Every structure is written in C-alpha cells, then in structure tokens.
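Biologist: Could you walk me through this one before I look any further?

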Amino acid sequence: MTRFLVTLGVILVIVGIAWPWLVKLGLGRLPGDIVIERENFRFYFPLTTTIIVSLVLSLLVWLFRK
C-alpha cells in the first residue's frame, strides 16, 4: 500500500509540473467535455479527457506489468 501511495504521489507531481504543456495539447477542451456556464456559475466536467487519461494510464500499467 505504501508503494502505491508513493507512486501515486509521484505521478500527481509529474502531472502537476507538466500541466502547462498538457493544456497546450488540448486536454481539458475536447469534444465531449461538459461545460455549463451561467451568470455566476460555471460547471466543468472533463468527460472525454477523463476517458482518454484513463485509457492511457491503463495501457501504461498493462505494459509495465508484462
């Protein structure tokens, strides 16, 4: 469990550092990402981005376990 949490922490730090470059790639603004804007309210749910990130992470985990 400790190894998992440390690995998760490292991944989150790397994603945080790489965030400016990931935004330039268009992640977070893909078709299928839900954005609802009202006068004093903004709801954002990155559905498509979440699915793509999940698929990439699943592929990486699968490759590293082989």
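**Surface, pocket and loop**

Biologist: Which residues make the nonpolar surface patch?
Modeller: Ile52, Val53, Val56, Leu57, Leu59, Leu60, Trp62, Leu63 and Phe64 make a patch of about 870 Å² (side chains joined within 5 Å, over 30% relative accessible area, Shrake-Rupley with a 1.4 Å probe, and no salt bridge, that is, no Lys or Arg nitrogen within 4 Å of an Asp or Glu carboxyl oxygen). The model is predicted, with local features needing pLDDT of at least 70 and side-chain atom pairs 80 or more, while totals for chains, interfaces and linings use all residues. Numbering runs from 1 along each chain, and side-chain values use heavy atoms, without hydrogens or water.

Biologist: And Leu60, where is it found?
Modeller: Leu60 is found in helix H2 (a DSSP run of H or I, at least four residues), and its relative accessible area of 37% makes it partly exposed, between the buried limit of under 20% and the exposed limit of over 50%.

Biologist: What volume does the largest pocket have?
Modeller: The largest pocket has about 870 Å³, and of its 19 lining residues, Thr7, Ile11, Leu57, Leu60 and Val61 are the closest to its centre. Helices H1 (2–24) and H2 (47–65) each supply at least two lining residues. A pocket is an open set of 1 Å grid points for a 1.4 Å probe, with protein on both sides within 12 Å along at least five of seven lines, and lining means an atom within 4 Å of a point; the volume is that of probe spheres set on the points.

Biologist: Switching topic, is Asp33 buried or exposed?
Modeller: Asp33 is buried, because its relative accessible area is 13%. Asp33 and Tyr44 lie 11 residues apart in sequence and 7.6 Å apart in space, C-alpha to C-alpha.

Notes: Patch = residues over 30% accessible without salt bridge, like charges linked within 9 Å, V, L, I, M, F, W, Y side chains within 5 Å. Salt bridge = Lys/Arg side-chain N within 4 Å of Asp/Glu carboxyl O. Buried < 20%, exposed > 50% of the residue type's maximum accessible area, 1.4 Å probe, protein only.
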